[in-house]
Every structure is written in structure tokens, then in C-alpha cells.
Amino acid sequence: MRSVLLQEAFAAPAVARSKGVVEEEAAKLCARLVDSAGSPVEVRPMLRKAFTSLFFRWALSLDPDSGVAQRLATLFEGAWSTLTDPVVTASDFVGLPGVTGTLPKIKRERTRLFRELITARRRSESNRAGETDFLDAMLKSQKKHGFGEDLIVETLVSLTTAGISTVATSLEWLLLLFAKHQSAQTQARSEILGQGEQRYLEACILETLRLKTPLFVPRMCLEDLEVSGWGLKEGTLLLPDSYKLAHDQAHWGGGPVDEFRPERFLNAERPLLDALPGLRPKCPFTGASRADAGAAEATPEKGATAFKFLPFGVGARFCPGAPLALSELHIFAAALLRAFDWQVDGGQVDLSEAYSFTLTPLNPSRLIFRPRR
Ligand code: HEM
């Protein structure tokens, strides 16, 4: 039922509907950066704020400056900093005793506020013109399938955990990588300002998601299993190492895997770029072909190689927001490229990684944005 809900609510209209709001939030971010023009700014809080506002508007048509939105934003930050605390382990995510002690309190208040918003929406439903936001899409799906309100609340909670800081962090990495690789920044900008096909920026986004593999989601076996000859008992915790897969030189063409080389997605790894999710809420990358240098035809990848690129997970729980996330990254990056040149404050770009639930830049960097004339 959950997957039906996610498929329906994330279907093509949801992504199409988001475009205007995403563009407005990207423009607001640019306006804030113009205010600080020339001085170093810590981008992380600004990006979090932008994507939190986007969530409120896209999912709930809620004014980001309203009291309830501000309260929810504080709760999201609290939940996120607990989840990304380096001492939080995978076991905490599957309900084993851990350090997530503050989460139940946050959860209770967040649930109460979401329920109040849902109740208010039901009351005003007759005045609304069709499906205008994500909550409308979920309520429509509920009427069709008859599931309970808990599922709606749980989905909104998933969105706040899965759909805000993931995008903000990926964009932060992209900005840092562009600060370090000025020639890539220039090339992406000239493509954006031109009229042609915009694949270089897409390649930069995918290369960022590969190099700085965003999210590690554990799994627990619900029954005894055998995987590749390994016997796994019910209850075994599995930690798929998507970072290792994305950094395994044996599986990747287009140059050293520890370097930022967007061109690999235009050449050797082009089939992955062509497999972009578009509007299908399912994993597009597994089993894509690989065009080896000199090979007459691309060959389908198998085994571990077929699963080498999993920024959005795989299988039944594949990220339903992947098309939206890619569209958001593209729109924000394009707006920033059009408006500014940027570089890091102090000359040296720090790309060191903090590993927890997500892979985050270890030290929040300060960037200098110079408006383009
Ligand atoms: C660059 C940004 C993003 C990345 C890297 C990302 C990655 C992921 C990953 C790895 C998962 C877990 C998949 C699994 O368990 O196998 C996931 C789940 C999920 N994502 Fe995303 N995500 C991103 C953005 C978004 C956005 C923008 C939304 C929605 C607004 C979203 C909504 C969700 C939801 C609802 C789930 C849970 C699906 C389920 O429980 O079945 N994500 N995401």
C-alpha cells in the first residue's frame, strides 16, 4: 500500500507541479547570496533553509514563515542532527536500542502537528481547486485505496527525513566541487547560458552523487536468506556499501574513481546518464550497459557492476523522490551558475567527509559568490 501511495503521489504531475516552486526558491536563495555578495558565506544553513521552505510549499502549501512551519522546521533539524550524529549507528535505524533517545519526543510533536494540518486540509477540501500539492495527492490516493491516516503522517515524516537534507547536502557537495574545479564550473555555466542540450550539468550532478555517495540505508533480513552463497539468519543487519561500489576502479570507466570527472558520464558511463529516472519512480541504473573504449557496442552490466551506482537505493524501497531530487538539483545549480561565479574562502577547498547516516562535508565551508554582470 505504501508503495502504491508513493507511486501515485510522486507521479509525473507531482514533479511537473514542483517546477515553479523550485525555481522561486532557487531565485530566493540567489537573492540572499546577492545580499552577501563578495563576503564569505557558510552555505550549509542557507541550503537547508531553502530546501525546507521548498518542502513546506510543495508538500503542504504552507507559508515557510508561518508559526507552524517554523516549529516543524526546528523539529526536522532536531531529528536530522540526531540521525546524522556520527555516534548514531545503523542499528538505531532499525529500532534497536541506541542513542536516538530524543527522537520519540520530536516524533510525537511532529506527528501531532502533521495531524492538525491534515485535519485542517480535510475541512477546507471543498474549497480547493483539484490537486495542488503533495498532501492533496495523498488524500486523493487515500480515497481510492482506503488506507489509514497513519500512513499519510508516516509518509510526510519520511519526506522530511529523506527529501530535505539529502538534496541540500548533494548541492553543497556540488558547489564545493565546482569551487575546486573552476573549469567544470565554467563549462557548466556556458552550457546553461547556451541553447543546446544540457547534459554536462547533469553529468556533474551524477558525478557528485557518485563521488560523494549520499546515503547509506541498512536492511534487516525478515527471514532466513541465502545471498551469493552466504547464509543470512532472520534479524541479520545488512549494510550495503554503496560508497565502495561507487569507488571501485574495477567497475568504473572514465578515469580515476577518486577524482571528479563528470566527463565519464558523457563517455564510458554514458548509459547511466541516459538511464536517468525521468518520471518513473523506480531504480533506473541497475543493469545499465557500459560502453568500454573501443567496444563496438555497449554491453549490459552484470553482478556487482550492475549495482555500482545506487545514490537512490534499489529495489522496492528505491527513492520515490529521485526524479524530483534531480530536477531540484538541476534547477538550483543552473540558477546559481547563471547568477554567480564562486570560489572557496581561503583558497583550499576542503572535501573531507563526515560519515554518518549521510555523507556530509566534514567542515562547513565558506564560499564567496560574485554576481555576474
Ligand atoms: C539527492 C537527493 C536524494 C537522495 C540521494 C535520496 C536517496 C534516497 C535513498 C538512498 C533512499 C532509500 C532507498 C532504500 O531504502 O533503498 C531514499 C528513500 C526515500 N526518499 Fe529519497 N533521496 C533524495 C531526495 C529525495 C526527495 C527530494 C524526496 C521527496 C521529496 C525523497 C523521498 C524519499 C522517500 C519518501 C523515501 C522512502 C521510500 C520508502 O520508504 O519506501 N527523496 N532516498
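## A tour from the ligand shell outward

Begin with the shell around the ligand, whose residues divide into 14 nonpolar, six polar and one charged. The coordinates shown belong to a predicted model. Within this shell of 21 residues, select Ala162, Gly163, Gly313, Cys319 and Gly321, which come nearest to the ligand. Next, colour three helices: H8 (149–162), H9 (165–180) and H15 (322–339) each supply at least two residues of the shell.

**The whole chain**

Zoom out to the full chain, in which 15 helices and 11 strands are found. Of its 373 residues, 37% are buried. Contacts across the sequence may be considered here as well: among those between residues at least 6 apart in sequence, 68% join residues at least 24 apart.

**Helix H8: Thr155**

Return to helix H8 and select Thr155, which lies in this helix. Is Thr155 buried or exposed? Thr155 is buried, since 20 other C-beta atoms lie within 10 Å, and 20 is the number at which a residue counts as buried. Leaving aside neighbours within four places in sequence, show Leu5 and Met138, with which Thr155 is in contact. A distance drawn between the C-alpha atoms of Thr155 and Met138 should read 9.1 Å, for residues 17 apart along the chain.

**Helix H9 against helix H11**

Select H9 together with helix H11 (residues 199–211); they pack at an angle of about 110°, and their axes are 10 Å apart. H9 is therefore roughly perpendicular to H11. To view the contact, display Ser170, Trp173, Leu174 and Leu177 on H9, with Cys204, Ile205, Thr208 and Leu209 on H11. Six nonpolar and two polar residues make up this contact of H9 with H11, and no charged ones.

**Helix H15: Leu324, then helix H10**

Move to helix H15 and select Leu324, which is found there. Leu324 is buried, with 25 other C-beta atoms within 10 Å. Which residues does Leu324 touch, not counting those up to four places away in sequence? Show Phe10, Val15 and Ser18, which Leu324 touches. Then draw a line from the C-alpha atom of Leu324 to that of Val167: the separation is 9.8 Å, although the two residues are 157 apart along the chain.

Keep H15 selected and add helix H10 (residues 182–193). The two helices H10 and H15 pack at an angle of about 95°, with axes 9 Å apart. This angle makes H10 roughly perpendicular to H15. On H10, display Ala188, Arg189, Ile192 and Leu193; these meet Ala334, Leu337 and Arg338 of H15. By class, the contact of H10 with H15 comprises five nonpolar and two charged residues, with no polar ones.

**Helix H4 against helix H6**

For the last stop, select helix H4 (residues 67–83) and helix H6 (residues 103–124), which pack at an angle of about 150° with their axes 10 Å apart. Angles over 145 degrees count as roughly antiparallel, so H4 and H6 are roughly antiparallel to each other. Their crossing is left-handed. Display Val68, Arg71, Leu72, Leu75, Gly78, Ala79 and Thr82 in H4, and opposite them Leu103, Ile106, Glu109, Arg110 and Leu113 in H6, which they meet. The contact of H4 with H6 has seven nonpolar, two polar and three charged residues.

Definitions and conventions:
Residues are numbered from 1 along each chain as its sequence is written. This is a predicted model: local features need pLDDT of at least 70, side-chain atom pairs count only at pLDDT 80 or more; totals for chains, interfaces and linings use all residues. A residue is near a molecule or strand if its C-beta atom, placed from the backbone, lies within 6 Å of it. Helices (H or I, at least four residues) and strands (E, at least two) are DSSP runs, numbered from the N terminus. Ala, Val, Leu, Ile, Met, Phe, Trp, Tyr, Cys and Pro count as nonpolar, Asp, Glu, Lys and Arg as charged, and the others, Gly among them, as polar. Axes are lines fitted to C-alpha atoms, for helices over the stretch in contact, and angles run from 0 to 180 degrees between N-to-C directions. Angles under 35 degrees count as roughly parallel, over 145 as roughly antiparallel, 65 to 115 as roughly perpendicular and the rest as oblique. A crossing is left-handed if the near helix is turned anticlockwise from the far one by less than a right angle, and right-handed if clockwise. Two residues are in contact if their C-beta atoms, placed from the backbone, lie within 7 Å. A residue is buried if 20 or more other C-beta atoms lie within 10 Å of its own, exposed if 12 or fewer, and partly exposed in between; C-beta atoms are placed from the backbone.
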